[in-house]
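Dear colleague,

I am handing over the structure we spoke about, and below it you will find an account of what came out of going through it. Please read the notes with the model open beside you.

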Amino acid sequence: MNLMTITEPAQKSYSIRADDQTTCLDCHGYGGAWTDVDDFGLVHFKQYCSCPLGQSLKLMYEAEKSKREEQSKQAEIDRLFGVAKIPQLFEKATLADFAKQPQLLAQVERAEKCRQGLFLWGVPGTGKTHLAVAVLSEKLDVGTPGLFIEVPDMLARIRETFNGNGASAEQMIRAVCEVDVLVLDDLGAEKPSEWVKEQLFRIVNTRYSNCRFTVVTTNLTQKELALRIGERTVSRLIGMCDVIQLDGVDRRKTR
Ligand SMILES: [Zn+2]
């Protein structure tokens with residue numbers, strides 16, 4: 001089945017080139033040599049020819065492979081955390097819902113281009129979670145692996161795994177650290193403890209080091225949050241995120 005995806009366009013390119021009488025003498029219009037099958041079952045050449053056909057086949061294979069890698073990453077996340085983590089209320093959230101706040105959308109766009117995340121804060125009911133889900137949904141729609149978690153729920157799940165059920169705590173923390181886009185909803189609402197502070201710092205710091213996009217929502221000010229989850233985690237977040245206060249008036253870097 002996968003052989004078809006790879007060879008079909010190749011034959012097309014080949015026939016175009018054959019008509020032009022410019023068939024590559026190195027690969028005779030095949031585009032490469034020594035076929036192999038990778039872990040995803042995709043047939044590919046071990047060696048691609050340097051001609052345009054070979055290079056375009058190589059790009060096609062690499063694109064398909066990275067798509068499969070993203071799918072398997074998402075499948076692993078779904079396995080560890082269960083599917084449909086997005087609250088039902090926001091299932092259909094998109095950035096279009098914020099069309100009346102162009103300034104806010106511009107801030108989001110800038111953060112996506114230039115920063116490693118969004119720090120959304122404000123009193124309950126100001127649309128933080130709605131906005132966070134809209135940002136995540138856009139990424140999920142184009143196949144980028146992503147995860148929405150309510151922080152107290154995530155920590156409870158990780159703790160549960162210490163009792164020996166299902167995936168290991170380490171696996172879950174690693175997935176949270178590595179997923180391309182992560183929403184940490186309601187940060188600061190969890191019961192504070194040294195263990196919680198350690199886990200949160202590890203997650204935030206690893207994501208920072210690996211340039212992963214992180215969206216945080218919280219009802220707390222930075223000062224209040226620092227008291228709950230620790231100063232260093234908050235400074236790391238502020239360092240990597242664009243800070244947006246949602247209260248109807250959007251301000252940057254409000255402290
Ligand atoms: Zn060639």
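Helices and strands here are DSSP runs, a helix having at least four residues and a strand at least two, and both are numbered from the N terminus. On that basis the protein chain of this predicted model holds nine helices and eight strands. Of its 255 residues, 30% count as buried, and among contacts between residues at least 6 apart in sequence, 72% join residues that are at least 24 apart.

The strand I would look at to begin with is β3, which covers residues 117-121. Because five of its five residues are buried, β3 is largely enclosed by the rest of the structure. G117, F119 and W121 point one way from the strand, while L118 and L120 point the other way, and all of them are buried. This can be set beside the general pattern that side chains in a regular strand alternate between the two faces of the sheet.

As for its partners, β3 runs parallel to strand β6 (residues 213-218), to which five bridges join it, and within this pairing F119 stands opposite V216. β3 also pairs in the parallel sense with strand β7 (residues 242-245), in this case over four bridges, and there W121 stands opposite Q245.

Turning to the interior, the largest nonpolar core has 46 residues, and those with the most contacts inside it are L118, F119, L120 and V133. Helix α4 (residues 128-141) supplies the largest share of this core, namely six residues. Which residues is V133 in contact with, once its neighbours within four places in sequence are left aside? They are I86, F90, A93, F148 and V183. In soluble globular proteins, nonpolar side chains tend to be buried together.

There is also a second, separate core of eight residues, which includes C27, Y30, F45 and L57. Of these, Y30 may be worth a closer look, since it is found in the loop between α1 (2-20) and β1 (32-37). Is Y30 buried or exposed in that loop? A residue is taken as buried if 20 or more other C-beta atoms lie within 10 Å of its own, and Y30, with 20 C-beta neighbours inside 10 Å, therefore counts as buried. Y30 and Y48 are 18 residues apart in sequence, and their C-alpha atoms are 9.2 Å apart in space.

With best wishes

Notes:
Residues numbered from 1 in each chain as written. Predicted model: local features only at pLDDT ≥ 70, side-chain atom pairs only at ≥ 80, totals over all residues. Buried ≥ 20, exposed ≤ 12 C-beta atoms within 10 Å, placed from the backbone. Contact = placed C-beta atoms within 7 Å. Core = buried A, V, L, I, M, F, W, Y, C linked by C-beta atoms within 7 Å. Pairing = 2+ DSSP bridges.
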